[in-house]
Amino acid sequence: FFFQAEDGIRDYKVTGVQTCALPICKRYMVVIEKGATSFGAFVPDLPGCVAVGETESEAMELIQEAIQLHIEDLRASGQVIPEPVSKSTFVEIGMAA
């Protein structure tokens with residue numbers, strides 16, 4: 001699942017991506033990391049599937065394309081397409097002032 005912020009950018013840094021209108025869809029978890037000058041994205045269930053963008057939204061666009069290309073490459077080479085099994089959650093930690 002994911003939550004949409006008012007400005008259209010996802011609220012959470014760990015989000016599910018769902019943009020499929022086909023009869024069979026798989027929903028892969030994407031992790032977004034903010035770097036010093038860019039945002040990185042990777043898919044835990046698709047090793048090697050990564051993207052980097054100047055903004056969080058650009059990284060999300062690029063990782064969606066990377067997922068599609070990654071799966072197409074796996075299919076073309078006769079490899080098994082991994083099932084999406086990763087989950088995410090948040091843990092709140094109390095901090096002394």
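A salt bridge is defined here as a side-chain nitrogen of Lys or Arg within 4 Å of a carboxyl oxygen of Asp or Glu. The model is predicted, so local features need pLDDT of at least 70 and side-chain atom pairs count only at pLDDT 80 or more, whereas totals for chains, interfaces and linings use all residues. Residues are numbered from 1 along each chain as its sequence is written, and side-chain values use heavy atoms, with hydrogens and water left out.

**Exercise 1. Identify the salt bridge and state which parts of the chain it ties together.**

Solution. Step 1: the rule above yields one salt bridge. Step 2: the side chains of Lys26 and Glu83 form this salt bridge, with an N to O distance of 2.8 Å. Step 3: Lys26 lies in the loop between β1 (14-16) and β2, and Glu83 in the segment after α1, so the pair links parts that are 57 residues apart in sequence. Step 4: the relative accessible area of Lys26 is 36%, which makes Lys26 partly exposed. The classes are buried, under 20% relative accessible area, exposed, over 50%, and partly exposed in between (1.4 Å probe, protein chains only). As general background, side chains of opposite charge can pair when their charged atoms come close.

**Exercise 2. Give the order of the secondary-structure elements and describe the pairing of β2, β3 and β4.**

Solution. Step 1: helices (H or I, at least four residues) and strands (E, at least two) are DSSP runs, numbered from the N terminus. Step 2: the protein has one helix and four strands, in the order β-β-β-β-α from the N terminus. Step 3: two strands pair if DSSP finds at least two bridges between them. Step 4: β2 (residues 29-34) and β3 (residues 39-42) are antiparallel and share four bridges; a hairpin of four residues joins β2 to β3. Within this pair, Val31 has Phe42 as its bridge partner, and Glu33 has Gly40. Step 5: β3 also pairs with β4 (residues 50-53) in the antiparallel sense, over four bridges, and Phe39 has Gly53 of β4 as its bridge partner.

**Exercise 3. Assign the residues of β4 to its covered and uncovered faces.**

Solution. Step 1: in a regular strand the side chains alternate between the two faces of the sheet. Step 2: in β4, Ala51 and Gly53 form the covered face, while Val50 and Val52 form the uncovered one.

**Exercise 4. Describe the largest nonpolar core and the elements that supply it.**

Solution. Step 1: a nonpolar core is a set of buried Ala, Val, Leu, Ile, Met, Phe, Trp, Tyr and Cys residues joined through side-chain atoms within 4.5 Å. Step 2: the largest such core has 17 residues, of which Val30, Val43, Ile63 and Ile67 touch the most other members. Step 3: at least two residues of this core come from each of β2, β3 and α1, and α1 gives the largest share, seven residues. Step 4: for the protein as a whole, 30% of the 97 residues count as buried.

**Exercise 5. Is Ile81 buried or exposed, and which residues does it contact beyond its neighbours within four places in sequence?**

Solution. Step 1: Ile81 lies in the segment after α1. Step 2: Ile81 has a relative accessible area of 16% and is therefore buried. Step 3: with contact meaning heavy atoms within 4.5 Å, and with neighbours within four places in sequence left aside, Ile81 touches Lys26, Tyr28, Ile71, Leu74 and Arg75. Step 4: Ile71 is ten residues from Ile81 along the chain, and their C-alpha atoms are 6.5 Å apart.

**Exercise 6. Determine whether Glu56 and Met95 are buried or exposed.**

Solution. Step 1: Glu56 has its place in helix α1. Step 2: the relative accessibility of Glu56 is 9%, so Glu56 counts as buried. Step 3: the C-alpha atoms of Glu56 and Ser38 are 8.0 Å apart, with their positions 18 residues apart along the chain. Step 4: Met95 is found in the segment after α1 (56-76) and is exposed, because its relative accessible area is 71%.
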